[in-house]
Amino acid sequence: MRIPAPAWIAVVGLALATVPYFKLPAFYESFMYLIFHWVVLATSWNILSGYSGYFSFGHGAFFGIGMYTTATLAGKFDVPFLWTLLAAAAVAALIGAALGWVVFRVPKLRGELFALITLAVTFVIGTIILNTPIDGGPGIYLNSVPLPAIMPTPSGTFYFLALVTAIATVSIAYAIHRAKLGTGLFAIHDDEDVAEVMGVPTFGYKLAAFAISCALAGIAGGIQAMFVSYVTMGDTFSIVVPLNVVLMSVLGGTRHWFGPAVGATAITALLYGFTAGDFAVAGRAAIGLILIVAILFLPEGLLGRFGRRRPQRSPSQPGVAAGLAATPAAPPKAEPGARTLLEVHGLSKAFKGVQALDGVGLEVRPGEILGLVGPNGSGKSTLINVVSGHYRADQGRIVFQGRELGGVEAHRIAHAGIARTYQIPRPFAHLSVIQNVALPARFGRAALDSAAATREARFWLEFTGLAAKADALPEDLNLHERKFLELARALASRPSLLLLDEVLSGLTPSEIDGAIRTIRAIRDRGATIVFVEHVMRAVMELTDRIVVLNYGRVIAEGSPTEVMRRPEVVTAYLGKPHA
Amino acid sequence: MNLPSLTLLGQSLLSGIFIGALYGLLGLGLSLSWGMLRQINLAHFALAFLGAYLTYQLASAGMDPLATLLVILPCFFAFGVALHWVFARFSISPFNSLLVTFGVTVIIESLIQWIWTADYRRLESHYGEMKFRIGTLFVPFPELLTLLVAIALSLATWAALRYTDLGKALRAAAEDAPIAAAFGVNERALALLLSGLAAAFAGVAGACLALSYTLAPSQIYAWVGVVFAAVMIGGLGNPIGPLVAGIVIGVSEALTMALTAPAWAPLVSFSLLIVVLLARPRKF
Amino acid sequence: MLELDRIRVSYGAAPALWDISIRIDAGELVCVVGPNGAGKTTLINAIAGLNRLDDGSLAMQGRDLTRIARNRFCDQGIAIVPEGRRLFTGMSVLENLELGSYRPAARARRSESLERVFAIFPVLEERMQAPAGTLSGGQQQMLAIGRALMAQPRLLLLDEPSLGLAPSIVLEMFKVIREINASGVAVLLVEQNVAMALEIATRAYVLEEGRIVAEGSPRELLAQPHIRRAYLGEA
């Protein structure tokens, strides 16, 4: 019987809470305090940075903000200490949210650039605090601030406060890990743009994770302020805190909610275990070496093997045949009388001087399979990218089910009921096959809960023949399977409009036959499909109408056989008319 | 806010230029390896300090401070080569190179602390005694030397990258290594060479550091932020960039210090960096 | 001159080419056509040394190239015009051309090669100092071809040169390719624009899903309904 994690946390937490009653020397309680302190900092950091991949180097700033909030409120305004902790969390969260609100809007500020801008902000905030009356130089004394006597001794009280915060932080990390927010963050980590197109509200989630992360760091700072009782700038607003938490989280494993705690415990024990002279230096050198070894050989951290999130257990597993019978609800048909599902007017998009789309206008009728064809470079993929929200059009209108969709964020377009596949498959590399398919079921138009999403995913894996590979990682699939993973993923959100971008390229003739049958079945279930393809046989067999693009413009539209015989189309493809 | 005298302003300007030159010199190697090799070498600073301490040590033993470079540079070059070899062997991403070099930094820092302790060390050399006067302004020789070296190295690198076949090959390999290789460029060897050079530049910066400043292991991190700012503002991979940006930052800091209070100086470089990161459309 | 013998190449983890045997003799203009995803680029990259062979052998003028370092392929007389051009956009037109003649044997004849390239593509001489990234699509393609010519190749590899170009420019370009071939340089051309390619080729291979499915002269191939169906969908 597997004991669920929350139970473990509760048991360990209660056990540790009894320690102060053993009246150990203060040294041990302070040592444990330090461990809990770094567990909080590393785990809270990991909530944004480990889960989503946005490595922040600003954690020191929010820790420091918490510190100074408590110091100022308690030291200068006599606010009771415990209330200041709430304020510390709030102030840190607010400033973090403000920073995130600005920075997360700028798409290129990812990876190392995000790290650098958060580091720069740290120094700016530090300088401001140092030079204004908040600190001003002399620091703030907190010796006269009363410490609530929660435990028999002061060091016991700090131990307890830090323990409670650590338990809370780890629990929050665990909860997020298992919640929709965590799923979204992990998707952002692997491929933020695709996550957005699949319906994950990336901006909102990053902001939420950042705010929570900062709030927890703020509380740690508040407690630390009382612990040291004399608050000065020191090393707080620098690169030292973030580098330590990075080290701890990477060592323990950034994809696991408990990884940073493991790393924090190990590193703190190592650092403070060697307290005497030469050993202290050797201890630090050893830590440097550990980090190097960890990055080179253990990129997933110590808990990496356990990092793969198991899919939620769905209660009904018996007979997938039964599952097939209980098929998910088909997407609603468009209102009767609605002539068009999607309309595109005057759509233009240019990249670095190349006009990829030049005033494209077309319509998609409910329940049809529309073929979108044209030579390489004619703009087919760009059209799909613009309609699905992956790119924003320079000009033109997109109207879907009567709603204007131009300029809307991609995740809302997904919620509206549009799904797409990528020509070169872009699965979430660290999620299993079934997790990949369950994600759009949770975040797309269907918006299912976790268990239902997994059931839905299983259905579509059956449908596309991937059921046997449900727990595999995308890298273990061959091209054909990855293409079908793309298809299953797009279907799982129960879209009204499905945009297929060259799903057949690279498939063998018999695989193509199977794919054609599958696509027909999808349409028969009520979806409308726009089908970009080069494999002409499939285009001819499947499509009701086709639109031909060339150099970003529509050059023909009509029934497949008729259009493909037109001279201008033949010329576009072959260069000159062939009888 | 009292307006200081012209002399004081002039002296501030001068010291701003000098420290800016050191930012630029420190940033040169960092910019090259980041811009052209996609390696963010945080250890560059620790390496520079190690070089500074070695200069100090060898000079205290009697060697001319500048001659110490003859010993230091080849060793640092070898270190740079080895570092890139490891990165290439493990196919390390730019972000992970930041983390790995943090580990290297910690090791070097510990080494420095173990050998030289945390005490402050100051190199006493005849260079330190030399001073010139331009009008009412004092120009200390070590700082002037730093400026000259920074200009010389930046210009030399720029010219080499711009005009020599090797330089063009490096630039091509930095942009598209496989295609450069398809035209005969041994981009693997060139990458090792460049990494070695960047490390050697750290050694040069270290010597200049030793001549002008008091050394302590805790000082290593103090330079990280502002030099990163200079490198990014100057444009990655641009050899003249860090120097120009460094001097702009140095002068801004010095003037801020002279006109307000010294403690506001860090605000300048970091605010500039934030603005650049938010505003510049070009991808790094 | 160039011989591929039953090569197998992977693209990442997935196998992309199976059992490919191709031969190009001096002075020939050989074409490889096929649908998207067939492996045409993987094939060209393997010949240029950019992709490693899993199996089989690659020989140029009798010399086995299968295991040599990838920057040594150019020395053997092989130059590539990659798909999407892959110019050094941060460098000027002239610098790109100079880079083309990086290998020692070509470097010695750099000025002579430059003259030749400028004679074929006068617009490159006009925009000599311009950064390569500012050129139009057609000009970029010309520069890519010019860069390859600077290497004094015996075999010129062209990967989908017509991609994204207007029809009139494509016509011009194919004329130039024919001229280059006429001057003695063997050409391997990979194209999706079937008609254009078959117009100028002496021989062609059809590649589908990583395998050669047909081989012969253009006339022989165009007579096959297989090709018409694959590219036009005619029954």
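**Close-ups of a predicted three-chain model**

**View 1. Val399(A) sits across from Glu404(A), a residue of strand β7(A).** This is a predicted model, and here we zoom in on one corner of a sheet in chain A. Two bridges tie β6 (residues 395-400) of chain A to β7(A), and the two strands run antiparallel. In general, strands of a sheet are held together by backbone hydrogen bonds, in either a parallel or an antiparallel fashion.

**View 2. Stepping back, the sheet in chain A is an open one with four strands.** Read across it and you get the order β4-β3-β6-β7, with antiparallel pairing. Which strands sit at the edges? They are β4 (354-364) and β7 (403-404) of chain A, each with a pairing partner on one side only. A helix also packs on this sheet: α13 (residues 380-387) of chain A touches β3 (342-351), β4 and β6 of chain A. The direction of α13(A) makes about 65° with that of β4(A).

**View 3. Chain A splits into domain 1 (38-294) and domain 2 (338-574).** Their C-alpha centres are 42 Å apart. Where the two meet, domain 1 of chain A puts in 17 residues and domain 2 of chain A puts in 19 residues. On the domain 1 side, look for helix α7 (residues 180-197) of chain A, which gives the most, with 11 residues. That side of domain 1 is a mix of seven nonpolar, four polar and six charged residues.

**View 4. Chains A and B meet through 33 residues of chain A and 36 residues of chain B.** On the chain A side, α5 (111-131), α9 (240-252) and α11 (277-297) each supply at least two residues. Which helix gives the most there? It's α5(A), with 13 residues. By class, the chain A side that touches chain B has 25 nonpolar, five polar and three charged residues.

**View 5. Chain C touches chain B with 22 residues, and 16 residues of chain B touch back.** Helix α2 (residues 93-100) of chain C gives the most to the chain C side, with four residues. Sorted by class, the chain C side has 11 nonpolar, five polar and six charged residues.

**View 6. The largest nonpolar core takes in 375 residues.** Those with the most contacts inside this core are Ala92(A), Ala120(A), Ala488(A), Ala229(B) and Leu157(C). Helix α9 (residues 187-212) of chain B gives the most to this core, with 17 residues. Domain 1 (38-294) and domain 2 (338-574) of chain A each chip in at least three residues.

**View 7. Ala488(A) is one of the residues with the most contacts inside the largest nonpolar core.** What does Ala488(A) touch, leaving out residues up to four places away in sequence? Its contacts are Val437(A), Trp460(A), Leu461(A), Phe463(A), Thr464(A) and Leu466(A).

**View 8. Helix α1 (residues 40-47) of chain C is mostly covered, with eight of its eight residues buried.** Is Lys40(C) in α1(C) buried or exposed? Lys40(C) is buried, and so are Thr41(C), Thr42(C), Leu43(C), Ile44(C), Asn45(C), Ala46(C) and Ile47(C). Just past the end of α1(C), check the backbone at Gly49(C), which takes a positive phi of about 90°.

Terms used. Residues are numbered from 1 along each chain as its sequence is written. Chains are lettered from A and ligands numbered from 1 in the order in which they are written. This is a predicted model: local features need pLDDT of at least 70, side-chain atom pairs count only at pLDDT 80 or more; totals for chains, interfaces and linings use all residues. Two residues are in contact if their C-beta atoms, placed from the backbone, lie within 7 Å. Ala, Val, Leu, Ile, Met, Phe, Trp, Tyr, Cys and Pro count as nonpolar, Asp, Glu, Lys and Arg as charged, and the others, Gly among them, as polar. Two strands pair if DSSP finds at least two bridges between them. Axes are lines fitted to C-alpha atoms, for helices over the stretch in contact, and angles run from 0 to 180 degrees between N-to-C directions. A nonpolar core is a set of buried Ala, Val, Leu, Ile, Met, Phe, Trp, Tyr and Cys residues joined through C-beta atoms within 7 Å. A residue is buried if 20 or more other C-beta atoms lie within 10 Å of its own, exposed if 12 or fewer, and partly exposed in between; C-beta atoms are placed from the backbone. Domain bounds come from an automatic or database domain assignment.
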